[in-house]
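User: I would like to learn how to read the features of a model like this one. Please take me through them in turn.

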Amino acid sequence: MAVRFVATEILSSADGLSHGETQVLETDEVRAARAAGGGGGKTLYEQLEAEREKQQEAYDANTKALFSPGEVLDAEDVAFYEAEQRRAAGGGG
């Protein structure tokens, strides 16, 4: 989920000092954002928190994969390696 901001209002001032007046924008981008849910009605903090949790889950999954124990040897692999060790120690038998 990408957090995207769409300007919906512009602050304006008649005297250049106080910006108490707002001008509402009704552009195609604003209408599209409202139609798409505009973040699902979540606050910016909630959207950022959800994105952080998503990234943390991906990081945890990668970390778990990196530090998990490797695959264990099955009986066939053990027999092969033991035979190789005996062959190397015994000189070819």
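User: Is arginine 87 buried, partly exposed or exposed?

Analyst: Buried means under 20% relative accessible area, exposed over 50%, and partly exposed in between, with a 1.4 Å probe and protein chains only. Arginine 87 has a relative accessible area of 43%, so arginine 87 is partly exposed. This is a predicted model, in which local features need pLDDT of at least 70 and side-chain atom pairs count only at pLDDT 80 or more, while totals for chains, interfaces and linings use all residues. Residues are numbered from 1 along each chain as its sequence is written, and side-chain values use heavy atoms, with hydrogens and water left out.

User: With which side chain does arginine 87 meet in a salt bridge?

Analyst: Side chains of opposite charge can pair when their charged atoms come close. The criterion for a salt bridge is a side-chain nitrogen of Lys or Arg within 4 Å of a carboxyl oxygen of Asp or Glu. Arginine 87 meets glutamate 84 in this way, at 2.9 Å from N to O. The two are 3 residues apart in helix 3, so about one helical turn separates them. Glutamate 84 is partly exposed, its relative accessible area being 30%.

User: How many salt bridges does the structure hold?

Analyst: There are 2 salt bridges. One of them joins arginine 52 to glutamate 49, where the closest N and O atoms are 2.8 Å apart. Both residues belong to helix 2 (residues 44-67), and a spacing of 3 residues puts about one helical turn between them. Arginine 52 is partly exposed at 45% relative accessible area, and glutamate 49 is partly exposed at 22%.

User: What is the pattern of helices and strands along the sequence?

Analyst: Helices (H or I, at least four residues) and strands (E, at least two) are DSSP runs, numbered from the N terminus. The protein chain has 3 helices and 2 strands, and along the sequence they follow the pattern β-β-α-α-α. Helix 1 covers residues 28-35 and includes glutamate 29. Glutamate 29 is partly exposed, with 39% relative accessibility. From C-alpha to C-alpha, glutamate 29 lies 9.2 Å from threonine 8, and the two are 21 residues apart in sequence.

User: How many aromatic pairs are there?

Analyst: A pair of aromatic rings is described by the distance of the centres and the angle of the planes. Rings of Phe, Tyr and Trp (its six-membered ring) pair if their centres lie within 6.5 Å; planes under 30 degrees apart count as stacked, over 60 as edge-to-face and the rest as tilted. The structure holds 1 aromatic pair. It is formed by phenylalanine 80 and tyrosine 81, with ring centres 5.4 Å apart and planes at 70°, so the pair is edge-to-face. Phenylalanine 80 is partly exposed at 48% relative accessibility, and tyrosine 81 is partly exposed at 47%. Tyrosine 81 sits in helix 3 (residues 75-90).

User: Which residues make the nonpolar surface patch?

Analyst: Patches are made of residues with over 30% relative accessible area and no salt bridge; like charges are joined within 9 Å, and nonpolar side chains (Val, Leu, Ile, Met, Phe, Trp, Tyr) within 5 Å. Leu73, Val78, Phe80 and Tyr81 make a nonpolar patch of about 390 Å².

User: What percentage of the residues in the protein chain is buried?

Analyst: Of the 93 residues in the protein chain, 4% are buried.

Definitions and conventions: Accessible areas come from the Shrake-Rupley method with a 1.4 Å probe; for residues, only the protein chains shown count as cover.
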